[in-house]
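Q: Could you take one part of this model, look at it closely, and then set it against the rest of the chain? Please give the cut-offs behind the terms as you go.

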Amino acid sequence: MLLRGTASALLRTTTEIFRSCPVSTVRFVRQSLRYPRKNRPFSTSVCLCKKKKTSLWLQLAEGQTMDGNIEEILAPLRLAVKEQGDLVRQMKQDGAPDVDITKAVAELKARKRTLEAKELALQPKDDIVDRTKMEDTLKRRFFYDQAFAIYGGVSGLYDFGPVGCALKNNILQAWRQHFIQEEQILEIDCTMLAPESVLKTSGHVDKFADYMVKDVKNGECFRADHLLKAHLQKLMSDKKCTAEKKAEMESVITQLDNYTQEELSDLFVKYSVKSPTTGNELTPPISFNLMFQTSIGPGGNMAGYLRPETAQGIFLNFKRLLEFNQGKLPFAAAQIGNSFRNEISPRSGLIRVREFTMAEIEHFVDPNEKDHPKFPNVADLDIMLYSSKAQTSGQSAQIMKLGDAVEQGVINNSVLGYFIGRIYLYLTKVGIAKDKLRFRQHMDNEMAHYACDCWDAEAKTSYGWIEIVGCADRSCYDLQCHARATKVPLVAEKPLKEPISLNQSRNTTSEKFEPNKGAIGKAYKKDAKIVMEYLSVCDECFITDQEKLLSESGEFTIETEGKAFKLTKDMVSVKRFQKTLHVEEVVPNVIEPSFGIGRIMYTIFEHTFQVREGDEQRTYFSFPATVAPYKCSVLPLSQNQEFMPFVRELSEALTRNGVSHKVDDSSGSIGRRYARTDEIGVAFGITIDFDSVNKTPHTATLRDRDSMRQIRAEVGELPVIVRDLASGTLTWAEVESKYPIFEGQETSKKDTSEE
């Protein structure tokens, strides 16, 4: 029924479509009508049924219930995404104007978001965590809290308490073990301050920005696109809002990512957007760079920034790292540290913050040898992959073997595939649920122009699907940019078995810039030297690109040492020549897995938060023992002094075995103390009772947090058992098979006194 209705909507005449749509939508539909009817999808702002003012699309997006199974409900949304994806591909093939393609892509993204939101809305309710209850536990037990709370707090900044700090450290330690140690990666630790010139070269100074508006009276700042979206959604929820107005505003929301500064300004005026907190007028949108700016040194002459990512430090140290690795490719370097982004509107707890911990790997590889020798180790992993093709076809993510994905070209190469596999194993090891984890491939319009392929590890949370790890094949872009800016060649040398001339190699000739010293000197005088030095170190890819500009427009522009220089045909030409090579210079490609530790932590909180069956008030975190903040608690049954020697003995033995633990000898029932330690995710609990005192050999109980089952073992054995459980070399099932299940203590305080 739904598909028949959709098909009917698609076949309506142009006149009918225009009659039911606002002007902005009519423009978009006219564009789509240039293409074959089979490639023309319905728009989110077009009504699907003549007799109803509200579109079926909007009904679905608002979560209204419908008869039939889930796939029947999702079918028209899937069809809409597929049709729009087909339209985008057709427009690209036909060479449509970029502005029209951009709008079509924005519409495609909007339909994807609506489909995904509906899929999430149809999930079983018991699959959704009680976020309020979970956040209450996190705050009450001081996992983390807003920084500077007694001064009113600062949004986007958080302090970790003892439990949160221990959990974070364990997550990082597991990361070091999983990647740095097992993959023999070179770890470095770079400064968090960066001079402006470095970030100018990387593109952060010019492009790392969002649009912002300010309250004209009190100066309060808002991110422009977020505020406009919230304002339009509020207007759309008004019962007096007509279907035409709703459709128009829906169309604006779908295009939010693509508006220019001037277009955003016009929309703020058109919809009379005011400050949501005071009702005051707002300034026009301005571009706001998200980096924290500072000056380096007392004179203030050197501009600098707090780093927005850790990766640049690795690229700048590439030459030293290559030397450390005896000049051989491939190799990888990693860095763990804090990065800073001055978010305009930080929100969603640890998901969008201003200071955050990152763990990044840069794997440098010969671009002609992108085969990983250890890929067979992960090739049989079944992983949920959401390819760009599936996204543009309205399909769901599919579980595939990594080996099949690489073989079929879904994943670009086996090096990228290997790291996707290793990321998956790490995330599931530290507590992220397999059925709530997927890898989503960037669509062509999402990837940077220099990237070969890019996948995000996304986790399903109460906020929807959020990115927690990015894994990109960045080609050789970063090294080339820094090499041009510094005139330092960032290349690896690959020995050749026998010398060859370049006309025998993959490139027929070598090429370099041939500057006209007289013309450059006349134009730039004392700056001519730095122009000549820049031209002398340019790589062949850059030379080829600039030669094309030179032939098409007669000029190109270079930037070096903070200045821009325009070069014309009379100033520079390209010279080609042949030479004999004994070594081949290789600019490595870079595979970059980038981990947001705060986002991973938050996801672990949601995926491990549990409520005890039959007792809604008893909550706990089922952290894997590997990352649990404390591996074990030591609990005397009561405050009886006869228990204290055993408590001290166990605590010392656990420390010698490297087991983090917490002694709780406070008053209160043993059940209440179990609940307290469960609540902060302590994996196991050792209890000293009267049997520990009265019987020899001395024994104590060991309790598993998740199952609440207990065994009894000798006091001297327990620290080793807990150590092996925490390291993953021993399972609880194996412990239960070896030691007797604890049913209850057999002696009491009275028995002690009688003896």
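A: What follows starts with one sheet and the helices on it, and then turns to other places in the chain.

This is a predicted model, in which local features need pLDDT of at least 70 and side-chain atom pairs count only at pLDDT 80 or more, while totals for chains, interfaces and linings use all residues. Residues are numbered from 1 along each chain as its sequence is written, and side-chain values use heavy atoms, with hydrogens and water left out.

The part chosen is an open sheet of five strands in the order S27-S26-S28-S29-S30, with mixed pairing; its edges are strand S27 (661–663) and S30, each of which pairs on one side only. From one strand to the next the twist averages 25°. Helices (H or I, at least four residues) and strands (E, at least two) are DSSP runs numbered from the N terminus, and two strands pair if DSSP finds at least two bridges between them. Angles run from 0 to 180 degrees between N-to-C directions, with axes as lines fitted to C-alpha atoms, for helices over the stretch in contact.

At the S30 edge, five bridges pair S29 with S30 in the antiparallel sense, and Arg703 has Gln710 in S30 as its bridge partner. Helix H24 (residues 644–656) packs on the sheet and touches strand S26 (632–636), S27 and strand S28 (684–688), its direction making about 170° with that of S26. Helix H27 (residues 718–727) also packs on the sheet, where it touches S26, S28, S29 and S30, and its direction makes about 15° with that of S29. Contact here means heavy atoms within 4.5 Å.

Two loops that adjoin S29 hold backbone features of their own. Pro697 lies in the loop between helix H26 (690–694) and strand S29 (699–704), and the peptide bond that leads to Pro697 from Thr696 is cis, with omega near -5°. In the loop between S29 and strand S30 (710–714) sits Met708, which has a positive phi of about 65° although it is not a glycine. Met708 is partly exposed, at a relative accessible area of 39%, where buried means under 20%, exposed over 50%, and partly exposed in between (1.4 Å probe, protein chains only).

Elsewhere in the chain, strand S11 (residues 355–365) is mostly covered, with 10 of its 11 residues buried. S11 runs antiparallel to strand S10 (residues 331–340), to which 10 bridges join it, and Ala359 of S11 stands opposite Ile336. Six bridges join S11 to strand S23 (residues 589–596), again in an antiparallel arrangement, and here Glu360 has Ser594 of S23 as its bridge partner. A cis peptide bond, with omega about -5°, joins Leu329 and Pro330, and Pro330 is found in the loop between helix H15 (318–324) and S10.

For the chain as a whole, there are 29 helices and 30 strands, and buried residues make up 51% of its 755 residues. Of the contacts with a separation of 6 or more, 69% are between residues 24 or more positions apart.
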